[in-house]
Amino acid sequence: MALLTKKDASLITDPLADNNPITIQVLGICSALAITAELKASVVMAVSVLFVLAIGNVVISLMRNIIPSKIRIIVQLIVVATLVIIVDQVLKAFAYELSKTLSVFVGLIITNCIIMGRFEAFALANGPWKSFLDGIGNSLGYGLILIIVGFFRELLGSGTLFGYPVLGNPIEKTGLYSIGYENNGFMIIPPAALIVVGIIIWVQRSRNPALVEDN
Amino acid sequence: MSDKKLTFKKRLHILKHHYRGKKMAPAFNALHTFLFAPDETTHNGSHVRAADDLKRTMNTVIMALVPVLLFSMFNAGYQHFSAINGFPQEFSLVNDFLTWDNFWIGIIKVLPLVVVSYGVGLLVEFIFAVIKGHEVEEGYLVTGMLVPLIVPIDTPLWMLSVAVVFGVVIGKEVFGGTGMNILNPALTIRAFLFFAYPTWMSGDKVWVYQAVERAGGPDAISGETILGYLAQNKGAEMSYSVSDMFFGFIPGSVGETSTFLILLGGLFLIFSKIASWRIMLSAVIGSLVMGLIFNGVVDQGWIGETSKFYGLMSFDFWQHLIVGGLAFGIVYMATDPVTGAQTNRGKWFYGFFIGFLSVMIRVFNPAYPEGVFLAILLMNVFAPTIDHYVVRGNVKRRLKRLKNATILPKDSAGKANELHAETA
């Protein structure tokens, strides 16, 4: 790879699996529970976090030597808030219906633990290019889980993917519904996301026992 | 012994030895120990010889459930034919209830539920035993019998299978299998069904065989539960007498209706010392107290007849015990030794709140006038906390006694202070 050194590439690939923000660091769970009932919302959320985290990491990294450490949290908050407002306004302008589905959760990206976590743990100690890659990697890891959870919840809960009915029509009883299949209402409610995330964590740790913590 | 005289038991022994150490060994061992006592004994260490192993305990509970199951098979037919032809004017137990026609409906509707519950549940247990390489545990024996008894009779079998897989895997295996689960697996399965497929778990169509298929047609039938009638303030339209409710000739989940047989099963479990009488008694007290409070509220005139809670709140407090799943839940579910409180004092709290919350949820639940399974699951979660405080309280009390003792050995007062500092 000419573009990325091996070390740089690992900044992107690590958070996808063995250092995933949701399944390993257990950060950003709240939004993963709240907005994953539909795949579309999951994707938009993933893209929004990608934008905020990548740009935010670069900005913080550029300012890292001039931020007084006592007020660094406030400075970080201002950076996140600015970026989140940009995302929120863009969504409201170009995808109004979707922004209503996501409602407060776009605004709550500000409090998403992953973002503050990466600012604190990485951007304050590394250069802008590395911070940028780290932001991309972590938000991709976050988005990957969001999309997996959203896929299963929308498929099993509503029988659709991105809003398109893939299993047939539940009212006219076509497709799978003609043989008695029914949507699983449990998948629509947020606790189901907790269980799906739990199953992902379970599968991941049984495939790679090195991830299991010692008690 | 010549080869011809090999018994079935002997063949299984040989099969088991053949597979020893191989991947599928737990599956064969399970089949073997399910049918026969194992042929090997442990070799080192000292052991307690006791007749009441896990399998014996489980079998006792199943014995207590058999009358309920048989009754439910007759009741399945009785409710079906009564919904079509009307309830008999002069009820005769032999002519109207214990008939072959009624039992046949039970065979074609209740038995498949039992078979699917055991088949799917044991399959999951076998798979986990093989993957994890441990012996198959008996834990599913009771759960598998409870599950068909706490679902509506028209529950589609595939839904039951999905729920059983969910309940056994998420409710039990992820915590480490039998004896390690936090939530009662049977109730986890029930709760999953309730939240996943609410239209199949509530309403007036699911409690009677064929009511769903006939809905909307000229020969439509329905069978609302008593709690359903009360929740709609239609208590006056009910044709069930108190003795119907007590003996169980009413619609409801498959096995929950007959309080009489559940009572007998409960007494059997108490006398065989399998289930805790403390939990049962305190749960009964808890539900009576909550029922009395609601009755009192109605008597005071704070809740008028126009209120949507009037029907359930004005229902006689003691009758809560003989309708719905309360009796079944108290006797067979709340007393689960794994998920319930372990300390004697804790059992009183645990049981009391199960009864108390059951009636409370029953009255206030907007979607479904029943709450026993939710109350028990909630208290399952709190059981370890209750035990923790009971044990802490005991430690504190004994330390206090040690401190206040008049005749002390030389250094025990200092020791007590030391201990106190540690616990505080």
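Let's start with what packs over helix α14 of chain B: the cover on its buried residues includes α13 (259-271), α15 (310-313), α16 (326-333) and α17 (344-364) of chain B. Please keep in mind, everyone, that this is a predicted model.

So which residues of α14(B) are buried? They are Arg278(B), Ile279(B), Met280(B), Ser282(B), Ala283(B), Val284(B), Gly286(B), Ser287(B), Met290(B), Gly291(B) and Phe294(B). When you look at that spacing, remember that an α-helix has 3.6 residues a turn, so residues three or four places apart point the same way.

The helix itself covers residues 277-299, which is 23 residues. From first C-alpha to last, α14(B) reaches 32 Å, close to the 33 Å expected at 1.5 Å a residue. After the helix comes Gly301(B), with a positive phi near 85°.

Now let me take you to one residue that meets this helix. Leaving out residues up to four places away in sequence, Ile354(B) touches Ala283(B) and Gly286(B), along with Ile330(B), Ala334(B), Ala375(B), Ile376(B) and Met379(B). You'll find Ala283(B) and Gly286(B) among the buried residues of α14(B) I just read out.

Ile354(B) also turns up in the largest nonpolar core, which has 151 residues. The members touching the most others there are Val52(A), Ala163(B), Leu193(B), Ile330(B), Tyr350(B), Ile354(B) and Ile376(B). Which element gives this core its largest share? That is helix α3 of chain B, residues 54-85, with 12 residues.

Val52(A) on that list brings us over to chain A. How do the two chains meet? The contact takes 8 residues from each of chain A and chain B. On the chain A side, the residues divide into 4 nonpolar, 3 polar and 1 charged.

Chain A as a whole has 9 helices and 2 strands. If you walk along from the N terminus, the order is α-α-α-α-α-α-α-α-β-β-α. Its C-alpha atoms fill a box of roughly 65 × 45 × 40 Å along the principal axes. Of the 215 residues in chain A, 34% are buried. For contacts in chain A with a separation of 6 or more, 75% come from residues 24 or more positions apart.

Last, the record. An unreviewed UniProt entry annotates "transmembrane region" at residues 41-62, 74-95, 101-119, 140-164 and 184-203 of chain A. Let's look at two of those in the model. Residues 74-95 of chain A are 95% helix and 0% strand, with end C-alpha atoms 30 Å apart. For residues 101-119 of chain A, the figures are 68% helix, 0% strand and 28 Å between the end C-alpha atoms.

Conventions
Residues numbered from 1 in each chain as written. Chains lettered and ligands numbered in written order. Predicted model: local features only at pLDDT ≥ 70, side-chain atom pairs only at ≥ 80, totals over all residues. Contact = placed C-beta atoms within 7 Å. Nonpolar A, V, L, I, M, F, W, Y, C, P; charged D, E, K, R; others polar. UniProt positions renumbered as here; feature names shortened; annotations may be inferred. Helix = DSSP H or I, 4+ residues; strand = E, 2+ residues; numbered from the N terminus. Core = buried A, V, L, I, M, F, W, Y, C linked by C-beta atoms within 7 Å. Buried ≥ 20, exposed ≤ 12 C-beta atoms within 10 Å, placed from the backbone. Expected span 1.5 Å × (residues − 1).
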